[in-house]
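Here are my notes from a first pass through the model you sent. Have it open while you read, and check the points off as you go.

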Amino acid sequence: MDIVIITFLCAAILLYFLLGGADFGAGIIELFTSSKNRSKTRKTMYHAIGPVWEANHMWLIIAIVILFVAFPKIYTTMSVYLHIPLAIMLIGIIARGTAFVFRHYDAVKDQMQEVYNKIFIYSSFITPLFLGIIAGSLISGKIDNRADNFADAYVFGWLNWFSVAVGLFTVALCGFLAAIYLIGESKEAEDKKRFIKKAEFMNVAAVLFGAMVFGSAYLEEVPLVDWVLKNPVGLASIVLASLSLILLWYLLIKGKTKILRLLAGFQVTMILVAISFAHFPNFIRLKNGDAISLYETIAPIKTVNTLGWALLLGSVLILPFLGYLFYKFQQKEE
Amino acid sequence: MDDFLAARSQMALSLGFHIIYACIGMVMPFFMAVSHFKWLKTNNEVYKNLTKAWSKGVAIFFATGAVSGTMLSFELGLLWPNFMEHAGPIFGMPFSLEGTAFFIEAIALGFFLYGWDKLNKWFHWFTGVVVGVSGLASGILVVAANAWMNSPAGFDYVDGKYINIDPIAAMFNKAWFTQALHMCLAAFTATGFAVAGVHALMILRKQNQDFHYKAFKIAAVFATIGALLQPISGDISAKDVAQRQPAKLAAMEALYKTEKPAPLLIGGIVNEKKKEVNYAIEIPGALSFLAHGDFNAEVKGLDKIPENEHPPVAITHYAFQLMVGIGSFLVLLSLMYFFVLWRNKSVLNKRWLLKIFVFAIPLGYIALEAGWVVTEVGRQPWIIYGIMRTKDAVTPMPGIAWSFYLFTAIYASLSVIVIALLYRQIKMVPTLYSGSIKSPTTKAN
Ligand code: HDD
Ligand code: HEM
Ligand code: HEM
């Protein structure tokens, strides 16, 4: 059952990154769209993500529930030492989720719309930035659980070049995923062109920030290069990700939307695998060199078994229903 | 404000905020399903418009409920890491099942809101029912988790270690059923009266009477039945509390001295220093009966409980009085409503009754929040009753007060916006659904 739970945890994180990420990305794209095209972009976007929007964000809740039931030590360590970025991320989630719905359901369309838009756009940027910062901090080895002053314990664990670089990289990836997704959703050739442009722009940004992640890893002595280059799986995935980049640009120019989506998803998955495989099952690396591992801190066997069954049962109920939702609202309306 | 107090206040605020949205999210789908069903059966456009109008409200509340719930699942760790480290694996079972229920709810909501004219009409209706049922299931599950904090089960506590963990036994702890029953009824009562009251107000203003009267009737049925059942369920809860948490019961009734038979106090001012209650009306023997079903039974007072395990008496007592007071008032209102219905079948021209319904808009929610204060404050100083003290669970991070101020500001502004949005929705009813305007004298059944 350990394996089942860890698989679900990884899957939930990955799916949140891909689906929730595309969803954040939609707001990021709005941020980088000139104001004259904004309302059009917004329409396409609402149409594409409206129906699946609540469901996309459930993956985060699933991941967090798995963490606190089965890996309480990891959940509490994060909660204590990354309190500040978690709180900021939560504010982002609150602001974004409510602004998105409010702007759609406000019965009177007046200047409040602009306020909702602003909140939505900026929180779409802040939230993945901090998600990335949190993810970066977990593996950076900067979290200091023996610190005796506020700044070392609660601030510098996450406020460092490496974590921030991972945060920016995450933002770019989200924007990229959303642009690729929206290419397939747009009906007019002109829209399509705009989203292709955006995808190219975000892709370049992602590559640049990716380089920045490596640079800062070097500065901050995070053994990222070792994980990626000295580990066969890490190496293979980074090579695959880079190769698929070439294919991706080719497809982008050709405008093949269906395969593009799969490929973009594949790329992001490979990047996540490359970064995390080498230190798996360590989930949090601490400053004093210790690590908190998934296997070592797992909950007692009975908890693990019941959770495992609950997850399996849940997915039997959820997956067909969810698949049908995506299928039903994918069909193009005339 | 010290950090411990700030953490408790932030938790209470977040839960108090979430619970309102959650209750609306779990009850409104049932109202919608009834109205939707009537539309499918009668083809009366008014019901379709009503379903659509309600569903917009639900979308707003659902989103707010979902983000505040996401917030809570992090907050448990952000504020109470020590509690979660030990409790997570024990009481996590309901939360993981709840995850499934939420997920189904979110998917079904996607179908329901975006499925008009796209899905088979009965499948569409069914997705609405699924939203309600899975919302209700989430509510029951999360209350089971809370009940575990009142009545810990499913583990052995030996030398400060939590061993022999059994998550299923933890979920079916002694308190889960009474609490979940009472909570669900409260959700229907509170939301029912709030919705019925808003529509009563619109009827009084003579706007779209047919539309609002249909809405009023659906909400009022749920509200009144819930209100009539609530005292029965509350009585079961009280007997249950007397068994498992005598300190909480004593605080609810501000019973400082053990008595046999014990009187029930109505009103009164608690003096926590002198440990006495002044100016209260006493009903002899009534507390003995409520707590143990026997007018002569002994009821344990706070004198039998070590001083450092006393909950705050005044807050618990006032909150309990408030809940029961409102509960009794709502029972009266429900009886009046049924009486009028029985006499002449329509309340449309009974303006005084409609006015009372308008007055009752916030009451259910006030009682609901008060009830939670009874449960939670009455459990103090324990976070896990008898096992872990709340002050030992709080995060070591200093400066929580700032976080409390920040989140208070956020919740306050969200509440303002949501109220403004609802106001706008209601104001737009005549323009959006103008087909449904009928002359004020139309009798709708
Ligand atoms: C509409 C809301 C509402 C109304 C009218 C009432 N209650 Fe209530 N009550 C709640 C809403 C509520 C609640 C918010 O739902 C609580 C908090 C926790 C729980 O399980 O239910 C609660 C808790 C609660 C408890 C504590 C249970 C525990 O700690 O386990 C008792 C003893 C009662 N109630 C008793 C009553 C009585 C005798 C009522 C008589 C009229 C009553 N309630 C009306
Ligand atoms: C008595 C207290 C509670 C009740 C009755 C309750 C009930 C509900 C319900 C019915 C929903 C569905 C949202 C809607 O329809 O608007 C919901 C959402 C949620 N609740 Fe609560 N809840 C309670 C407390 C909590 C607590 C303590 C947590 C966290 C630990 C929590 C976590 C969540 C989450 C994560 C969601 C969002 C799920 C979504 O996106 O639909 N809730 N809650
Ligand atoms: C929606 C209903 C709820 C409301 C309005 C509510 C209200 C409160 C209040 C007023 C406090 C502060 C008690 C004090 O400081 O004296 C509190 C504390 C707390 N509640 Fe609840 N509560 C609710 C449901 C829940 C649920 C479902 C859970 C968990 C499963 C929960 C977990 C906690 C925790 C962990 C604390 C902090 C520790 C403590 O003060 O005991 N609550 N809540």
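The points below take the chain interface, then the iron sites, then two backbone details.

1. First, a caution: this is a predicted model. Please read every distance and angle below with that in mind.

2. The interface between the chains. On the chain A side, 59 residues are in contact with 61 residues of chain B. Together the two chains bury about 5700 Å² between them, and 81% of that area is on carbon and sulfur atoms.

3. How many salt bridges link chain A and chain B? The count is one. The partners are A:Lys73 and B:Glu85, with their closest N and O atoms 3.7 Å apart. That pair runs from helix H4 of chain A to helix H3 (residues 81-114) of chain B. As background, side chains of opposite charge can pair when their charged atoms come close. With a cut-off of 4 Å, the 3.7 Å pair qualifies. Over all chains, the same kind of count comes to nine salt bridges.

4. Polar contacts and make-up of the interface. Four residue pairs are in polar contact across the interface of chain A and chain B, with both residues at pLDDT 80 or more. Several helices of chain A each supply at least two residues to the side that touches chain B, among them H3 (53-70), H5 (83-105), H6 (112-140) and H13 (301-330). Sorted by class, that side of chain A has 43 nonpolar, nine polar and seven charged residues.

5. Ligand 1. Which residues coordinate the iron atom of ligand 1? They are B:His182, through NE2, and B:Met323, through SD, at 2.0 to 2.4 Å. The site has six donor atoms and is octahedral, with angles of 80 to 179 degrees among them. For reference, the ideal angles for six octahedral donors are 90 or 180 degrees. B:His182 sits in helix H6 (residues 176-204) of chain B and B:Met323 in helix H10 (residues 313-344) of chain B, so the pair ties together parts that are 141 residues apart in sequence.

6. Ligands 2 and 3. For the iron atom of ligand 2, the only protein donor is B:His18 (NE2), at 2.1 Å. You'll find B:His18 in helix H1 (residues 3-42) of chain B. The iron atom of ligand 3 has a single donor from the protein too, B:Glu376 (OE), 2.1 Å away. That glutamate belongs to helix H12 (residues 363-377) of chain B.

7. Two backbone spots to look at. Most residues other than glycine have a negative phi, and most peptide bonds are trans. B:Asn43 is not a glycine, yet has a positive phi of about 60 degrees; this residue is in the loop between H1 and helix H2 (45-79) of chain B. The bond joining B:Gln380 and B:Pro381 is a cis peptide bond, with omega about 5 degrees. B:Pro381 is in the loop between H12 and strand S7 (382-384) of chain B.

Key
Residues numbered from 1 in each chain as written. Chains lettered and ligands numbered in written order. Predicted model: local features only at pLDDT ≥ 70, side-chain atom pairs only at ≥ 80, totals over all residues. Heavy atoms only, no water. Contact = heavy atoms within 4.5 Å. Buried area = accessible area lost by both parts, 1.4 Å probe. Salt bridge = Lys/Arg side-chain N within 4 Å of Asp/Glu carboxyl O. Polar contact = N/O pair within 3.5 Å; in protein donor to acceptor, adjacent residues only side chain to side chain. Helix = DSSP H or I, 4+ residues; strand = E, 2+ residues; numbered from the N terminus. Nonpolar A, V, L, I, M, F, W, Y, C, P; charged D, E, K, R; others polar. Donors = N, O, S within 2.8 Å, 3.2 Å for Na, K, Ca; no water. Tetrahedral: all angles 85-135°; square planar, octahedral: opposite > 155°, others 65-115°.
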